[in-house]
Amino acid sequence: MSTMLKYVKKDLKIVGTRPLRPDGVDKVTGRARFGADYNLPGQLIGKVLRSPHPHARIKSIDVSAALALAGVKAVVTRDDFAEMPDEMAEVGELMINFRDVTRNMMAREKVLYDGHPLAAVAATTESVAREALSLIEVEYELLPHVIDVVEAMQPGAPLPNENQYTVGVKPKPERPSNVAKRLEFGHGDLAAGFAQADVIIEREFNTKPVHQGYIEPQACLASYSADGQVELWTATQGHYVFRAQCAKVLQMDVARIRVIPTEIGGGFGGKNNIYNEALAIALSRKTNRPVKMVMTREEVFRGTGPTPGANVKVKIGCTKGGKITAAEAELNFQAGAFPGSPVNQASMCAFTRYDITNVRVVGNDVVVNRPKVAAYRAPGAPIAVFGVESVIDEMAKKLGMDPIEFRLKNAAKEGTQTYYGPKLGPIGYIETLQAAKAHPHYSAPLGPNQGRGVATGFWFNIGKETTCALNLQEDGTLSLMLGIIDVAGGSRASMAMMVAEELGVEFERVRPSVGDTSTMGFNFLTAGSRGTFAGGIACVIAARQMIERLRERVAKIREVPLEAVAWKDGRAQPADAGSAQFAPMTLAEIAQLAGKTGGAVAGHAEINVQGPGPGFGAHIVDVEVDRETGATRILRYTVVQDVGKAIHPAYVEGQMQGGAVQGIGWALNEEYVYGDDGILQNPGFLDYRVPVASDLPNIDTVIVEVPNPNHPYGVRGCGEVPIISPMAAIANAIENAIGLRMFNQPFSPPRVLKAIDDAAAASNAQTQR
């Protein structure tokens with residue numbers, strides 16, 4: 001059966017409805033088991049010693065006193081992990097530098113950020129483990145640090161990695177640099193494009209690192225058996241990727257590690273990477289007992305990856321008639337202590353919403369003394385789009401054009417050549433803009449100190465390696481085992497709905513579950529809005545394969561030609577009046593005879609999914625700014641998005657609303673605050689403020705459905721796009737409310753109030769001249 005399934009419009013009975021999610025009852029009753037809920041007899045508790053310095057050479061580590069403490073069973077340090085080559089290695093389609101992985105997991109020559117792990121202990125209780133950490137003696141040679149991306153790019157800046165030379169620059173630089181990589185995308189003649197422009201706007205923006213905001217801290221439980229087999233329970237977005245990484249750094253055979261994914265209490269990209277998992281296995285290997293490790297909230301903030309902070313420069317040229325002639329951006333992204341910021345993805349998303357002939361985007365991946373960054377919904381895109389959509393809005397205002405009309409005039413459409421490579425296929429960007437403009441929100445009246453902002457977003461979406469298995473049970477029900485992790489967005493339900501639609505049975509007769517790494521072949525991370533798109537294709541292939549096998553069984557049982565058997569409405573029946581006639585058979589009837597007709601009936605898929613459909617969205621937001629305090633209140637919010645097809649509309653709406661909420665927090669309050677000493681000052685939700693219900697209005701959603709031709713139900717993916725636009729939309733709304741543009745995120749009350757006071761002082765100074 002071909003793995004390239006095309007969209008065919010048809011009447012649907014289950015897809016597009018809103019059944020209850022199969023995991024819902026367990027979650028609301030507390031029966032669902034998350035990472036910290038797993039325990040084994042005789043388990044030890046593992047804890048990590050972390051650096052109190054942002055940059056220092058490790059002269060020595062003495063663990064003897066910790067090992068002598070009663071109740072301590074093992075300690076691991078840098079000496080317990082093999083050196084890895086400084087090169088990229090493949091894990092599925094991921095490219096990973098395991099030298100960096102081992103050094104992020106456990107510091108070697110130097111500590112590179114506040115919170116960098118130095119040692120891990122396993123003890124009989126948590127209190128003993130904590131006491132053991134206090135007994136470990138580390139001698140440091142303190143070194144200068146750098147945490148700001150612009151400062152890190154300057155000549156003479158402190159170097160976290162003295163052997164790093166910028167990749168992407170020819171000839172190879174003679175001196176090491178914090179710029180790990182320079183990349184460039186573009187097409188056309190930029191100089192000619194700007195020469196054609198009547199209006200040119202050039203601006204600079206800055207953003208701070210922000211946390212993904214998942215509620216569940218990282219947690220794992222590892223058990224290393226006497227025969228060298230490992231079981232690892234962990235909250236992860238990619239259990240196969242975790243298995244591969246742990247096997248590599250521990251120098252074990254992949255098949256000896258079985259990773260069992262637990263329910264996940266949020267991830268948003270923050271649980272794509274290993275942190276304590278390999279440490280727990282190493283401690284279990286030393287002690288021959290299970291080891292459980294659960295991070296505190298402070299450890300999550302200090303020791304895991306946020307999204308990067310960045311410096312963004314944007315320049316756009318336009319004719320008086322409103323046609324963009326050229327666009328240029330420079331994106332300087334913090335990578336943290338090791339290379340690997342999402343500057344590549346951000347570069348691809350900066351201008352792709354627009355059909356522009358002359359474009360150039362330069363990206364720099366910059367190492368600083370902070371935790372290595374991790375993904376966060378549409379990694380990098382919200383940062384680039386904040387700058388670009390702010391300038392787009394300013395350009396529309398300067399030309400006297402409606403902001404949506406200006407975007408429509410320059411909108412990307414089917415056939416638009418992107419500056420990073422492919423031509424766009426059928427997309428729904430114009431449709432989202434039209435729906436946003438027609439929405440009552442867009443024309444609603446505003447009061448004093450209130451403003452309305454608009455911004456749009458794009459994400460390319462991905463497919464990649466995906467597996468699933470579908471089994472017919474003895475009573476005619478169906479078990480669907482997925483290799484895709486359900487990251488709490490409802491993908492189990494969505495995939496079961498597609499299987500039920502294919503087989504023509506009730507949704508409740510399909511029971512989905514997520515398999516562990518011993519059950520199926522390799523699956524890529526659940527990331528990049530690929531879950532329902534890629535997993536859905538695999539499930540449809542498995543369902544159609546099962547249907548063929550069901551037809552074969554019925555043809556054998558009824559002694560009719562295969563072509564005489566059709567599968568319709570959940571049963572096998574004669575193909576038409578001219579075919580051989582026979583009594584129809586249901587799934588239950590076929591299942592009862594399965595043992596006598598060849599054994600179990602199943603379908604499966606092992607594919608590398610291609611053909612993702614790009615997603616586009618448009619956001620409208622109304623704000624009110626208190627000129628006395630600088631506080632910004634969100635009054636109304638509307639999200640319009642092309643999702644291709646909403647398999648379960650309620651879950652899609654939840655994704656759209658959730659992305660908007662996270663974007664609101666990113667815009668107004670959230671940031672990692674570091675002191676001059678390089679130490680994180682707000683490692684917890686008390687001082688790192690995420691939005692709560694009282695901060696938010698009801699968020700309206702409008703689902704646009706322009707089918708992706710490369711998916712049997714037209715799915716594009718919806719998880720990334722909704723977080724891209726809020727920061728820019730809110731910045732545009734604030735400017736329309738008080739006449740001042742915010743160039744630095746977050747737009748917190750002190751920052752907005754300072755802008756108001758500075759503007760007033762400048763105005764007074766001008767009046768006095």
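**Two open sheets and the helices across them**

In this predicted model, an open sheet is built from 4 strands, arranged in the order E18-E26-E27-E28. The pairing in this sheet is mixed. Strand E18 (450–459) and strand E28 (699–704) occupy the edges. Each has a single partner strand, so one side of each lacks a neighbour in the sheet. From one strand to the next, the twist averages 15°.

Strands of a sheet pair through backbone hydrogen bonds, and the pairing is either parallel or antiparallel. Strand E27 (residues 632–642) and E28 run parallel, joined by 6 bridges. Glutamine 641 has isoleucine 703 in E28 as its bridge partner. A helix is also found against these strands. Helix H18 (residues 649–668) lies across strand E26 (615–625), E27 and E28. The helix runs at about 125° to E28.

Another open sheet is formed by 5 strands, in the order E9-E17-E16-E15-E10. Here, too, the pairing is mixed. The edge positions belong to strand E9 (179–187) and strand E10 (199–207). Because each of these pairs with a single partner strand, one side of each is left without a neighbour in the sheet. Neighbouring strands of this sheet are turned against each other by 10° on average, direction ignored.

E9 and strand E17 (residues 359–367) run antiparallel, and 8 bridges join them. The bridge partner of valine 179 is valine 366, in E17. Helix H11 (residues 381–399) lies across E10, strand E15 (310–318) and strand E16 (324–336). Relative to E10, helix H11 runs at about 145°.

Terms used:
Residues numbered from 1 in each chain as written. Predicted model: local features only at pLDDT ≥ 70, side-chain atom pairs only at ≥ 80, totals over all residues. Heavy atoms only, no water. Pairing = 2+ DSSP bridges. Helix = DSSP H or I, 4+ residues; strand = E, 2+ residues; numbered from the N terminus. Axes fitted to C-alpha atoms, helices over the stretch in contact; angles between N-to-C directions. Contact = heavy atoms within 4.5 Å.
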